[in-house]
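Welcome, and do keep the structure open while you read. Let us take a friendly walk through some charged pairs and a ligand site.

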Amino acid sequence: METGTVEQALERLERAMAGLRAALEDTQMAEAAGALAHGATGGAIDPFVFRLAIFVLAIFVGYYVVWSVTPALHTPLMSVTNAISSVIVVGALLAVGISASGLATGFGFVALVLAAVNIFGGFLVTSRMLAMYKKKDK
Amino acid sequence: METGTVEQALERLERAMAGLRAALEDTQMAEAAGALAHGATGGAIDPFVFRLAIFVLAIFVGYYVVWSVTPALHTPLMSVTNAISSVIVVGALLAVGISASGLATGFGFVALVLAAVNIFGGFLVTSRMLAMYKKKDK
Amino acid sequence: MSANLAAFLYLVSGILFILALRGLSHPTTSRQGNIFGMVGMGIAIVTTLAVARPSAGGLGLIVLGLALGGAVGATIARRIQMTKMPQLVAAFHSLVGLAAVMVAAAALYAPENFGIGTVGAIHAQALVEMSLGVAIGAITFTGSVIAFLKLDGRMSGKPILLPMRHAVNAGLGIALVVLVVMLVATQSHAAFWLIVALSLVLGVLIIVPIGGADMPVVVSMLNSYSGWAAAGIGFTLGNLALIVTGALVGSSGAILSYIMCKGMNRSFLSVILGGFGGESAVAGDDGVERTVKQGSAEDAAYLMANAQKVIIVPGYGMAVAQAQHALREMADKLKGKGVEVKYAIHPVAGRMPGHMNVLLAEAQVPYDEVFELEDINSEFSQADVAYVIGANDVTNPAARDDKSSPIYGMPILEVDKARTCLFVKRSLGSGYAGIDNTLFYKDGTMMLLGDAKKMTEDIVKALDE
Amino acid sequence: MSANLAAFLYLVSGILFILALRGLSHPTTSRQGNIFGMVGMGIAIVTTLAVARPSAGGLGLIVLGLALGGAVGATIARRIQMTKMPQLVAAFHSLVGLAAVMVAAAALYAPENFGIGTVGAIHAQALVEMSLGVAIGAITFTGSVIAFLKLDGRMSGKPILLPMRHAVNAGLGIALVVLVVMLVATQSHAAFWLIVALSLVLGVLIIVPIGGADMPVVVSMLNSYSGWAAAGIGFTLGNLALIVTGALVGSSGAILSYIMCKGMNRSFLSVILGGFGGESAVAGDDGVERTVKQGSAEDAAYLMANAQKVIIVPGYGMAVAQAQHALREMADKLKGKGVEVKYAIHPVAGRMPGHMNVLLAEAQVPYDEVFELEDINSEFSQADVAYVIGANDVTNPAARDDKSSPIYGMPILEVDKARTCLFVKRSLGSGYAGIDNTLFYKDGTMMLLGDAKKMTEDIVKALDE
Ligand SMILES: NC(=O)c1ccc[n+]([C@@H]2O[C@H](COP(=O)([O-])OP(=O)(O)OC[C@H]3O[C@@H](n4cnc5c(N)ncnc54)[C@H](OP(=O)(O)O)[C@@H]3O)[C@@H](O)[C@H]2O)c1
Ligand SMILES: NC(=O)c1ccc[n+]([C@@H]2O[C@H](COP(=O)([O-])OP(=O)(O)OC[C@H]3O[C@@H](n4cnc5c(N)ncnc54)[C@H](OP(=O)(O)O)[C@@H]3O)[C@@H](O)[C@H]2O)c1
């Protein structure tokens, strides 16, 4: 499906290119050229480019957000990143949920259990730790 | 073109949905259900969602990056954001570049000149300011 | 150029803009950051050209436009005085607003170029985004022009309070919404131009009731709005560079407005509602007779030459008098005599964020002699002299001690903790906030009445003797 | 559920994860942040279920799996001792690695579920991403297991230096690349399982030469890698939550490794190459006779009870001895006697970032009595007593004064500036870095040799008398 989309995108792009060539010969065909302009600025972009953009921006956010964590909470930071890294559970759910080969379901189930240990263990131990940080009572 | 893509996406989604319904009745049709799973996780997403993600993450980045600017450089910050906000020149270039109606070219040209004033003025005045910040020579 | 490559390049240029702002986290990296910004802009322009592939004539026009605008911009950038930065930013800002209006108009007359439909059949979503963009652009344009005029003193800074202004503004706002609906329904060019006209008027009406001194907050606010507008246009064009830049500019403007409002201890709403802070207010004359110790340049020179530590507190008056060069000369003389000299900058000293820092940098004061409030406030108690030059509100102890004062709660530079406090200003008048400063009448204070530049030069002369 | 809605919800969950980390910027907001994280995970799970629409049997399995794993996880979280956090993080970490391997295996056997092709005809791009994911996952798994065993003391912390290990590792790396190419070319399941097997071995081989004390850096590094791997899987599945989370986890691990390496003044490479830092090293015995002033609990109690200001410097030994509760009791007693007590935490005290802070928090020491190095270092000169409990390297003046020392340049807590310095440890042996501490032989130092917990309890008793 992925490649399907890409192929379609390339096809559409080619059509736009043809339009441009025509437009260069005949300025009356501005509409086609416009189609290209928009094609290039929004119409037919491989989702990969968007994902890349999201990834790069998320790295920036990660960089800033982690540096702004107070050193006193670096241990909870480790346990909470561990907990959130179990979003990999999404893959396990896909494997178990749509039953296909018995083996795949088995692997998916193991992954699911392991991820669940992390999710519950990680968040709970973090909240246990965080509950301990108290201010001086005055 | 925009709507064309969306329509195609919706169409493809519908096909996937049909596949799912069939799959629920007949587990042998796992391939179709898989198509849905991927459809939902990557195949046919409106670029708007991606742009929204990029926008939201860029706001996070903006928030952190601006707060990390040292107060001594807040004036250059104002002039440099002014300069970069003239990326609007992209719109002016599209208007002038692909000649269509005379009026549009005229408007585009005015926009282009104004944006150019900002681009050159903004970056140059910023670099003039920044050149003044010096350390104590020891 | 392939659509994917173009999108990727726009992303690169957006990231270069992020790095441009990131560079400003320290003076040493700031110049490199600025270069990143320029490269990012270059990439965005070249990419657009590669995508649009203009005809020879179009290319000629583009080069002409860039050259024309570039020449004007470069000239202004080279010539402008550093004390005029607030005006300059406002003026540049108005240009961005007008450019946005023009781009929207071009899109209306040649929608094919932008891929948003054809004349008379523009997609509804694009029309809505376009009219929002044009309205914000037009408001930014006239608003920034008024801000420029007020900041530059070409128009009275006094708030102009029109009768029924809130009702009029609300009416205009409703009219705008109606026009947008009409535009979408009828695609009428008349509706578009009416939106432009009403927004231009609204821009004027929103800004005139706001006092001249509040203009920096307004400029930042308009900056923020125009960022969100740019992001909106980015959504229409599907342009990543515009989306990222819009978010950056939007955040930056919002944060700077927040910093200014917090520094002034006022709510953003009270600034926008206007009616505050006109020209430098009149002398606080509440009938009570109070004694003031006045001194001469010679007195000041004597005091400082014999001090161990002098902290200089510049304010808006230094900018008005352009006294920064004389000040630096004075500091050099004092350092030559073995006196330790430091500069203390309040977050809202002057009339725009970082205002004092730029002026001191211009006078070649090294940035590591210049300290922020939190870093130096504890040192005043060890200082022999606080030399307050053209600053007033940022030293006013009422903000600390008087709960009934309108500026109560705003952090201040505690110059009253210094052994002696020298105040250079032209009168006993108040500053931006229009509040009397009780420090003038305190024991340890000596007033040096006169123009900041003139007085400082006199002190330099006296130090030579 | 529509694909767009699903993508949007995954984005929301990614943003909630960002907010979860953001909350950790201050203790007061951290609990709320953790809740954001849980909600984000909930949204990701529910969205996936809504998308995959499992059969009744599948749903049963899912509920079973979540319940099973959840029960185990919750039990561990409730029972674990706070001093065991480094081990726990390593153990949890190995589970994520194994889960990634299992997900990849499931994708191999049922690629349709993931929309990446059919058995025997999986897209090449997906195969490459999958094998990268599985390799990193497997390395993370065995690597973290070894790290866990070393940290938990179930395996000697000594670096195990196999002969020719660099050559062997390089060979394995090349073999992995060949296998990936084979997998893509032949879709052979055997190739896949060989990749898994080799990666498991590689994970062991990479980690065994690294000393036990370096494990925290290793754990962080593996954490970072697994983040990048998760982002890779996110690209394959087109899942925004995975992409954002991967970037967050990747950055977090990288930054924490950097902080640790910088705090230890070692390069990341030298840590990875291994062979450094085994068990607590032996007493520095270089032949020179040096005198040590040794004291008793009573001496210490007398000194501190008569002090005005005591600064407590905890280190790894406090964690080993579990002395945090006794310490807190001692501090309370001292405060009752009018002594000012503060805690000073070095960035790399203990064996993981923030290690000491968690333990002190567990003993209910309020976090506003606990200070970081930069904030308290200037106060030692005004302190009467520095009570160093189980810390060693972080106080070693060699880092400041001795250019030839391997830890030269690492910032230290300047306990030698305090009037008296009390050192609680079991011997004159060195700490993690294996370097002799000249402070033990200084005039103002008094050694309190013994177990940290026992000694502190004795001091509490002596304070009562
Ligand atoms: N920085 C920002 O971002 C920003 C933005 C908006 C508002 N504000 C507000 O601006 C104020 C800044 O405080 P500030 O202490 O810097 O300034 P200020 O309180 O406005 O006082 C400036 C003083 O300079 C004196 N002055 C003017 N021209 C002079 C000259 N030629 N020679 C000598 N003295 C002269 C004036 O007194 P005479 O008339 O007696 O000479 C006046 O009292 C704050 O209230 C702040 O809230 C700042
Ligand atoms: N925090 C991190 O993230 C991290 C990560 C990796 C490495 N490191 C490294 O770990 C070191 C941390 O420094 P540190 O000063 O906290 O610890 P340290 O230098 O390792 O010293 C710990 C001391 O505690 C003593 N000790 C052990 N068990 C004890 C007990 N039961 N009772 C009393 N004392 C006991 C030991 O001396 P005796 O044997 O004489 O009792 C030892 O000298 C630094 O070198 C740092 O670079 C830290």
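The report below turns to salt bridges and then to ligand 1.

This is a predicted model, where local features need pLDDT of at least 70, side-chain atom pairs count only at pLDDT 80 or more, and totals for chains, interfaces and linings use all residues. Residues are numbered from 1 along each chain as its sequence is written, chains are lettered from A and ligands numbered from 1 in the order in which they are written, and side-chain values use heavy atoms, with hydrogens and water left out.

## Salt bridges

Over all chains, the structure holds 28 salt bridges (a side-chain nitrogen of Lys or Arg within 4 Å of a carboxyl oxygen of Asp or Glu). Three of them are listed here, including the N to O separation.

| Acidic residue | Basic residue | Closest N and O atoms |
|---|---|---|
| C:E379 | C:K309 | 2.6 Å |
| D:E369 | D:K335 | 2.7 Å |
| D:E414 | D:R400 | 3.1 Å |

In the C:E379–C:K309 salt bridge, C:E379 sits in the loop between helix 16 (373-376) and strand 6 (385-389) of chain C while C:K309 belongs to strand 3 (residues 309-314), so the pair ties together parts that are 70 residues apart in sequence. Helices (H or I, at least four residues) and strands (E, at least two) are DSSP runs, numbered from the N terminus. Both C:E379 and C:K309 are buried; buried means under 20% relative accessible area, exposed over 50%, and partly exposed in between (1.4 Å probe, protein chains only).

In chain D, D:E369 forms a salt bridge with D:K335. D:E369 lies in the loop between helix 15 (355-362) and strand 5 (370-372) and D:K335 in helix 14 (residues 324-336), so parts 34 residues apart in sequence are tied together. D:E369 is buried at 6% relative accessibility, whereas D:K335 is partly exposed at 32%.

## Ligand 1

How many residues surround ligand 1? There are 30, and the closest are C:M264, C:N392, C:D393, C:R426 and C:S427 (each with a heavy atom within 4 Å). By class, this shell has 15 nonpolar, ten polar and five charged residues.

A backbone N or O atom of C:G390 lies 2.9 Å from an oxygen atom of ligand 1, and a polar side-chain atom of C:D451 is 2.9 Å from a nitrogen atom of the ligand. Helix 13 of chain C gives the most to the shell, with four residues. Domain 2 (82-273) and domain 3 (297-464) of chain C both give residues to the shell, so ligand 1 lies between them; the domain bounds come from an automatic or database domain assignment.

Technical notes
A polar contact is a pair of N or O atoms within 3.5 Å; within protein, one must be able to donate a hydrogen and the other to accept it, and residues adjacent in sequence count only if both atoms are side-chain atoms. Ala, Val, Leu, Ile, Met, Phe, Trp, Tyr, Cys and Pro count as nonpolar, Asp, Glu, Lys and Arg as charged, and the others, Gly among them, as polar.
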